[in-house]
Amino acid sequence: MRGLCNLHAHTTYADGANTCEEMVLAAIAAGFESFGISEHSHVSPDVESEVDLANLTPESVPRFLDEMRGLKEKYVGKIALFTGVEQDALADMATDPFDYVIGSTHFVNKDGEYRFVDDGPDGQRETVDRLFGGDYYAFAQSYFAAESQVARLTGCDIIGHFDLVNKNNEGGRQFDTDNRRYRDAAMAAMEEILRTCRLFEVNTGAMYRVGRTEPYPQLWLWRELLARGGEVILSSDSHAVESVAYKFPEMAQLLRDAGFRYRKILTDRGFEDVRI
Ligand SMILES: [Zn+2]
Ligand SMILES: [Zn+2]
C-alpha cells in the first residue's frame, strides 16, 4: 500500500505491550513511510484520583521524548518517525514538545465523578446504571457533549476515535446508533469540532482488540464528515507490534467507496494528501 502512515500507537510508556523501538521495527517491517507514537497524556489530578491509569507522567515525558529522538536518528532513511501525544480533553500537560497532537475523550464526568467511556462492557454498564439511570442514550449524550469540546481543549491536529462510546456495542447490543438522540448528539459534536479541526481518524483499534466490525467512526459518520469537508487519516491505535497496520487496505477501499479521494499522511514536510 502506497503512503503507509500511522500516527496512533502506544508503548510501554503507557498501556502498550511493546517498547518504542519494537513498534518502530514493526512499522519498518510493514513497509511504513512514516510512523508516530502518540502516548497517552497525563490527566488532571481530579481524574487521576478516580480511575486507574498508565499514562505519561511529568517524569516519563522527557524520557519518552529522548528515546524517540534517538530512534529518529537511528532509523533515518528507513522511516520518518514522529513523536506525538494522545491528549485527553482533561489533560494537564503541555503539548509543545510533540510533533503532533491527537485529541481524544476517554472520560465522562457526571456530578463530579469521572468514569472511563471505554471501560469493558461490565464496567460501562455499571457506569450507565449508576450515573445515567440505565439510559445508554443519556450516557452517549454526555460523551458527545465532552467530545464536542475536544479540539478546542486540546488544540489537536487529529480527532481520535470520535465515537469511542460505541466500543462495546457490536451488533447494537447496548443501544441503537440509528436512534435520533444518539445521531443528534454525534452530529452536534461533529459540527462543533469541525469549527476547529477538520482531520478525523479512521481508527481500527477496536476492530483488532475487541473484534468490532466497524472502525471509529462508524461508516454513516464518514458520509456526514465528507459532506462537511472533513478529512481522514488511517490509524490503527495499535497497542502491540501485531496490529500496526491492521485493516488499512480494507479501510482505504471503504473510504474510496464512500467517496473520499484523499487521506492525510504526515511526512517531514508536514501533513500531505495521498490519493486513495
Ligand atoms: Zn484513546
Ligand atoms: Zn490510543
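Glycine 103 has isoleucine 159 of strand E7 as its bridge partner, and this pair is a good place to enter the fold. The model is a predicted one, so please read every value below as computed from that prediction.

**Around strand E4**

Strand E7 (residues 158-159) pairs with E4 through two bridges, in the parallel sense. On another pairing, E4 is joined to strand E3 (residues 80-88) by five bridges, and these two strands also run parallel. Within that second pairing, valine 85 faces valine 101 of E4. How much of E4 is buried? Four of the five residues of this strand (residues 100-104) are buried, so E4 is largely enclosed by the rest of the structure.

Isoleucine 159, found in strand E7, deserves a closer look. It counts as buried because 31 C-beta neighbours lie inside 10 Å, where 20 or more are needed. Setting aside residues up to four places away in sequence, isoleucine 159 touches Gly103, Val150, Ala151, Ile193, Cys197, Leu199, Phe200 and Glu201. Glycine 103 thus turns up both as a bridge partner and in this contact list. The chain then leads away: glycine 171 comes 12 residues apart from isoleucine 159 along the chain, and their C-alpha atoms are separated by 24 Å.

**The nonpolar core and helix H1**

Isoleucine 159 is also among the residues with the most contacts inside the largest nonpolar core, together with Met23, Val24, Ala27, Ala140, Tyr143 and Cys156. That core has 75 residues. In soluble globular proteins, nonpolar side chains tend to be buried together.

Met23, Val24 and Ala27 bring us to helix H1 (residues 20-29), where they are buried along with Cys20 and Ala26. Viewed down the axis of H1, the buried residues fall within an arc of 160°, so they line one face of the helix. What do these buried residues pack against? Their partners are strand E2 (34-40), helix H3 (60-74) and E3. Alanine 27 gives a residue-level view: beyond its neighbours within four places in sequence, it is in contact with Phe32, Phe35, Ile79 and Val244. After H1 comes glycine 31, with a positive phi near 85°.

**A hairpin and a helix**

Strands E5 (residues 107-110) and E6 (residues 113-116) run antiparallel and are joined by four bridges. Phenylalanine 107 stands opposite phenylalanine 116 in E6. The two strands form a hairpin with two residues between them, and aspartate 111 sits in the turn. Is aspartate 111 buried or exposed? It is exposed, because 5 other C-beta atoms lie within 10 Å, and the cut-off for exposure is 12 or fewer.

Helix H4 (residues 121-132) offers a simple geometric check. At 1.5 Å a residue, its 12 residues should span 16 Å, and the end C-alpha atoms are 15 Å apart, which agrees. Glycine 133 comes just after H4 and has a positive phi.

**Backbone angles worth a look**

Here are the positive phi values in one place.

| Residue | Setting | Phi |
|---|---|---|
| Glycine 31 | follows H1 | near 85° |
| Aspartate 111 | turn of the E5 and E6 hairpin | about 50° |
| Glycine 133 | just after H4 | about 60° |
| Lysine 247 | a residue other than glycine | near 60° |

Aspartate 111 has its positive phi although it is not a glycine. Lysine 247 lies in the loop between strand E9 (231-235) and helix H10 (248-258). Its 17 C-beta neighbours inside 10 Å make lysine 247 count as partly exposed.

A cis peptide bond is also present: it runs from tyrosine 216 to proline 217, with omega near -15°. Proline 217 has its place in the loop between helix H8 (205-210) and helix H9 (219-227).

**The chain as a whole**

Stepping back, the chain holds 10 helices and 11 strands. Its radius of gyration is 18 Å, close to the 19 Å that the globule rule gives for 276 residues, so the chain is as compact as a globular protein of that length. The C-alpha trace spans about 55 × 45 × 35 Å along its principal axes. Of the 276 residues, 46% count as buried. Among contacts with a separation of 6 or more, 71% come from residues 24 or more positions apart.

Key:
Residues are numbered from 1 along each chain as its sequence is written. Chains are lettered from A and ligands numbered from 1 in the order in which they are written. This is a predicted model: local features need pLDDT of at least 70, side-chain atom pairs count only at pLDDT 80 or more; totals for chains, interfaces and linings use all residues. A nonpolar core is a set of buried Ala, Val, Leu, Ile, Met, Phe, Trp, Tyr and Cys residues joined through C-beta atoms within 7 Å. Two residues are in contact if their C-beta atoms, placed from the backbone, lie within 7 Å. The radius of gyration is taken over C-alpha atoms; the globule rule is 2.2 Å times the number of residues to the power 0.38. The expected span of a helix is 1.5 Å times one less than its number of residues. Two strands pair if DSSP finds at least two bridges between them. The arc is that of the directions from the helix axis to the C-beta atoms.
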